[in-house]
Amino acid sequence: MKEKESNVLVELNNVSKIFKKGAWALKKVNLKIHRNEIVTFLGANGSGKSVLASIIANNLAQTAGFIDYYFTQDSVFNSVGIQFRDQSWPSGFITKDIIELYKNIFLMEDEVWIQTLIEVFEINAFINKPLSKLSVVNLQMFSLFLAFFHKPELVVVDEISSSIGYNFRTRIFEFFESFVKNYNGTLIIVSPDHDFIDQYASRVIFLNDGHIIDDRSIFELEQKYLSAANYIKKISNEITSKIIKPKPDPFFKPILRDYNLQLTGLKKQIEKAFEKYTFVKESSFEIFVENILFYFDEIANEITELSNQSLEKENVINLRRLIKSNTKRSKVELQKIKRFIKQNSNFLKLKKIEKLIKDFIDYLNIKVKPIFRSNEIIFGGKKKKLLNINSDQTELEKMKQKYIRKELKIIKMERKNYKKFKRSLK
Ligand SMILES: Nc1ncnc2c1ncn2[C@@H]1O[C@H](COP(=O)(O)OP(=O)(O)OP(=O)(O)O)[C@@H](O)[C@H]1O
């Protein structure tokens, strides 16, 4: 573990990106990139891959959260190379002029390295041509060439054209591999093709709607999914099935209902206090509270998501992990709140919020966590052993049916009450 930690090259903590038009492109991403990894970012269009890659490459500022770089030299500019997707050069620049310019900017004197890059990316084919006249593929090759030019420690590749020939591609991919193995490099590649993942990648990170929804080594990928193509298909199917099945499973409805009731209650009280004590606005206190609410919301989302999947052991284990880690994170934020109140006496008026949050954490620990304890679900006072994937689920189905019936009763009662209420208004 220690060994791995000391190998961290970039670390992201709670990194979010919100664009001006309100697009929340990245949602509190926590991620560690280790030295010598070949990391691939996967996900549908608009899932946040390029934004995450640009933020890691220090080419785009995050809206919130922190990034720590552990490069061997101080300058991030010198340590990162980025291949831009959009390539446009003003007219009048010849390829070789820009190479000369880069030599001066980075004081690059390693001619052998430059020659290697020229050969890998076939730069000689257009070295005397104006950049504004280059084809899309040639521009992309030049952009890759420039990304590696100054022998950075980390290279971020946003796109590799699928229209280049097999041999050329293989040469580039082998160069990537040698960059990692022989030059102590680290690579992040956005949406590479399946073959690349199978043959060269060491890790896959799958994004959906600004969240990292899966992060695994290529070894784990092969063990579970056999190939990248299969993995992408399965994960994408899981995402779509959740989208087209938005109704929560009745088994989880009471759990969800209770959780949301508690959370809404907490939020209302916080909102009221914040309205009363306007000095809270934009204080660290507000941020700590917002972070905690985010962790609580995340649990609500996960319970909702779980209720849209089958009740499988693996899904429940994930939820359990999330509850555990978010309770821990909330406690850390709560400690910060305590310290903050101690140091800022006017916030003593908000001591009540500290208590409310503490109570909610207790609720998580005492009521919510035990429902998903170990390999059994305890709900309504009954224990039920969780089933492994594909095993016989009839027992569980029966139990679910029982809850559906209960739920229907509640709905009927609610309807009755509503009708009564309407009549009383007449
Ligand atoms: N400059 C910008 N201004 C506003 N919204 C943006 C901007 N750049 C990205 N976004 C939004 O952020 C979200 C994530 O975009 P991003 O480009 O990271 O997606 P992606 O996963 O790389 O998709 P693709 O595979 O299509 O490139 C999208 O909703 C996108 O519309």
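The legends below walk through close-up views of one predicted model.

**View 1. The whole chain, before zooming in.** The predicted chain has 426 residues, and 26% of them are buried. Its secondary structure comes to 15 helices and eleven strands. Among contacts with a separation of 6 or more, 71% are between residues 24 or more positions apart.

**View 2. The six-stranded sheet.** Reading across this open sheet, the strands come in the order β5-β6-β7-β3-β8-β9, and the pairing is mixed. Who sits at the edges? That would be β5 (80-83) and β9 (211-217); each has a single partner strand, so one side of each has no neighbour in the sheet. From one strand to its neighbour the turn is 15° on average, direction ignored.

**View 3. Where β6 meets β7.** Zoom in on the six-stranded sheet and you find strand β6 (residues 154-157) alongside strand β7 (residues 186-190), paired in the parallel sense over four bridges. For a handy landmark, pick valine 157: its bridge partner in β7 is isoleucine 189. Valine 157 also turns up among the residues with the most contacts inside the largest nonpolar core.

**View 4. Helices laid on the six-stranded sheet.** Helix α6 lies across β5 and β6, and its direction is at about 175° to that of β5. Another helix, α7 (residues 166-182), packs on the sheet too, touching β3 (38-43) and β7. The angle between the directions of α7 and β7 is about 145°.

**View 5. The largest nonpolar core.** This core takes in 53 residues, and the ones with the most contacts inside it are Leu52, Ile56, Phe145, Val156, Val157, Leu187 and Ile188. Which helix gives the most to this core? Helix α6 (residues 136-149) does, with eight residues. Isoleucine 188 makes a good centre for the picture: leaving aside residues up to four places away in sequence, it touches Ile33, Val39, Phe41, Ala53, Ile56 and Val156. There is also a second, separate core, with 24 residues, including Val280, Leu350, Ile357 and Leu364.

**View 6. The three-stranded sheet.** Here the order is β2-β1-β4, in an open sheet with antiparallel pairing. The edge strands, β2 and β4, each pair on one side only. Twist averages 10° from one strand to the next. Helix α2 packs on this sheet, where it touches β1 and β2, and its direction makes about 55° with that of β2.

**View 7. Strand β1 and its two partners.** On one side, seven bridges join strand β1 (residues 8-18) to strand β2 (residues 24-34), and the two run antiparallel. β1 is also joined to strand β4 (residues 64-69), again antiparallel, through five bridges. Leucine 12 shows both pairings in one frame: it stands opposite leucine 31 in β2 and opposite isoleucine 67 in β4. Asparagine 13 stands opposite phenylalanine 66 in β4. As background for reading side chains here, those in a regular strand alternate between the two faces of the sheet.

**View 8. Around the ligand.** Twelve residues surround the ligand, the closest being Phe19, Ala25, Asn45, Ser50 and Val51. What is the shell made of? Its residues split into four nonpolar, six polar and two charged. Helix α2 (residues 49-56) gives the most to the shell, with three residues.

**View 9. Two positive phi values outside glycine.** Lysine 28 is not a glycine, yet its phi is positive, at about 45°. This lysine 28 is found in strand β2. Serine 191 also has a positive phi, near 45°, but serine 191 is found in the loop between β7 and α8 (194-199). Is each one buried or partly exposed? Lysine 28 counts as partly exposed because 19 other C-beta atoms lie within 10 Å, and a residue needs 20 or more to be buried. Serine 191 has 21 other C-beta atoms within 10 Å, so it is buried.

Note on methods: Residues are numbered from 1 along each chain as its sequence is written. This is a predicted model: local features need pLDDT of at least 70, side-chain atom pairs count only at pLDDT 80 or more; totals for chains, interfaces and linings use all residues. A nonpolar core is a set of buried Ala, Val, Leu, Ile, Met, Phe, Trp, Tyr and Cys residues joined through C-beta atoms within 7 Å. A residue is buried if 20 or more other C-beta atoms lie within 10 Å of its own, exposed if 12 or fewer, and partly exposed in between; C-beta atoms are placed from the backbone. Two residues are in contact if their C-beta atoms, placed from the backbone, lie within 7 Å. Two strands pair if DSSP finds at least two bridges between them. Axes are lines fitted to C-alpha atoms, for helices over the stretch in contact, and angles run from 0 to 180 degrees between N-to-C directions. A residue is near a molecule or strand if its C-beta atom, placed from the backbone, lies within 6 Å of it. Ala, Val, Leu, Ile, Met, Phe, Trp, Tyr, Cys and Pro count as nonpolar, Asp, Glu, Lys and Arg as charged, and the others, Gly among them, as polar.
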